Amino acid sequence: KEKKDKKEEKREEKTRETPEEQQKEFLPWEKTVKDARAAEHALQRLHWSQSEHRKVFKDGQKFPTPPVAEATRAFYESLFAENPDSKIAIKYCVENGVLPLEVHHEAYKKYKKMREKGVFNVGHQLKLALHRKELQRLAVKGLR
């Protein structure tokens, strides 16, 4: 209980206003104008950062680059480091722009070739598998 009380006191101290803040009076329109300006400024910064972020996308990048500490990013980066020909690693790293620029260009070339072959298209993969199975069936019939 004593630990909880100390924590609560610390929280209250942080939220308490100083005597100067208590004495200072705001007119109603001052506070709303100040809040409106702050909100407008925040929106401008947000819009600017999003538009600037879009300009620095790499070739083939579809999504904003995730933070370095994100677990998914770490997994795919390590997978790419271990196996540079991994389909899923190449797709994630190129579409999210996590690789350094030089490595990204090499991975993007592989990505384009794979995409042209239909490696990432499930419908195309299914069609190829059915075609192979049909060829095997015909070869077995031809041998009998």
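**Entry 1. Starting at α5**

I began with the surroundings of helix α5, and I noted that α4 and α6 are among the elements that cover its buried residues. The model I am reading is a predicted one. I then asked which residues of α5 are buried. My list reads Ala89, Ile90, Tyr92, Cys93, Val94, Glu95 and Asn96. Because 7 of the 10 residues of α5 are buried, I recorded this helix as largely enclosed by the rest of the structure. After α5 I found glycine 97, which has a positive phi, near 65°.

**Entry 2. The whole chain**

I stepped back to the chain as a whole. I counted 7 helices and 0 strands, and from the N terminus the order of elements is α-α-α-α-α-α-α. The chain has 144 residues, and 17% of them count as buried. I looked up the exposed area, which is about 12600 Å², with carbon and sulfur atoms supplying 57% of it. Among contacts with a separation of 6 or more, 45% join residues 24 or more positions apart.

**Entry 3. The two ends of α5**

I examined lysine 87 and asparagine 96, as α5 covers residues 87–96. Is lysine 87 buried, partly exposed or exposed? Its relative accessible area is 49%, so I entered lysine 87 as partly exposed; the exposed class requires over 50%. With residues up to four places away in sequence left out, lysine 87 touches Met114, Val119 and Phe120. I also checked lysine 87 against lysine 110: they are 23 residues apart along the chain, and their C-alpha atoms are separated by 9.1 Å.

Asparagine 96 also belongs to α5. I found a relative accessibility of 10% for asparagine 96, so it counts as buried, the limit being under 20%. What does asparagine 96 contact beyond its neighbours within four places in sequence? I noted Gln61, Phe63, Pro64, Thr65 and Pro66. A polar atom of the asparagine 96 side chain also lies 2.9 Å from the backbone oxygen of tyrosine 92.

**Entry 4. The largest nonpolar core**

I next looked up the largest nonpolar core, which has 14 residues. Which of its residues touch the most other members? They are Phe80, Ile90, Cys93, Val94 and Leu99. I recorded α4 (71–82), α5 and α6 (101–117) as the elements that give two or more residues to this core. The largest share comes from α5, with 5 residues. A general remark belongs here: in soluble globular proteins, nonpolar side chains tend to be buried together.

I followed cysteine 93 from this core. Leaving out residues up to four places away in sequence, I listed Tyr76, Phe80, Val98, Leu99 and His104 as residues that cysteine 93 touches.

**Entry 5. Helix α4**

I checked the length of α4. This helix has 12 residues and reaches 17 Å from its first C-alpha to its last, close to the 16 Å expected at 1.5 Å a residue. I then wrote down the buried residues of α4, namely Arg73, Tyr76, Leu79 and Phe80. Where do they lie around the axis? They cover an arc of only 135°, which puts them on the same side of α4. On the other side of α4, I found Ala71, Ala81 and Glu82 exposed. The cover over the buried residues of α4 includes α5 and α6.

**Entry 6. Helix α6**

I repeated the length check on α6. Its 17 residues should span 24 Å at 1.5 Å a residue, and the end C-alpha atoms are 24 Å apart, so the two values agree. Which residues of α6 are buried? I noted His104, Ala107, Tyr108, Tyr111 and Met114. Seen down the axis, these residues fall within an arc of 130°, so they line one face of α6. The face turned away from this buried side carries the exposed residues Glu102, Lys113, Glu116 and Lys117. I found α4 and α5 among the elements that cover the buried residues of α6. Glycine 118 follows α6, and its phi is positive, near 85°.

**Entry 7. Closing note**

I drew the three helices together. The cover of α4 includes α5 and α6, that of α5 includes α4 and α6, and that of α6 includes α4 and α5. These three helices are also the elements that give two or more residues to the largest nonpolar core.

Note on methods: Residues are numbered from 1 along each chain as its sequence is written. This is a predicted model: local features need pLDDT of at least 70, side-chain atom pairs count only at pLDDT 80 or more; totals for chains, interfaces and linings use all residues. Side-chain values use heavy atoms; hydrogens and water are left out. Helices (H or I, at least four residues) and strands (E, at least two) are DSSP runs, numbered from the N terminus. Buried means under 20% relative accessible area, exposed over 50%, partly exposed in between (1.4 Å probe, protein chains only). Contact means heavy atoms within 4.5 Å. A polar contact is a pair of N or O atoms within 3.5 Å; within protein, one must be able to donate a hydrogen and the other to accept it, and residues adjacent in sequence count only if both atoms are side-chain atoms. A nonpolar core is a set of buried Ala, Val, Leu, Ile, Met, Phe, Trp, Tyr and Cys residues joined through side-chain atoms within 4.5 Å. Accessible areas come from the Shrake-Rupley method with a 1.4 Å probe; for residues, only the protein chains shown count as cover. The expected span of a helix is 1.5 Å times one less than its number of residues. The arc is that of the directions from the helix axis to the C-beta atoms.
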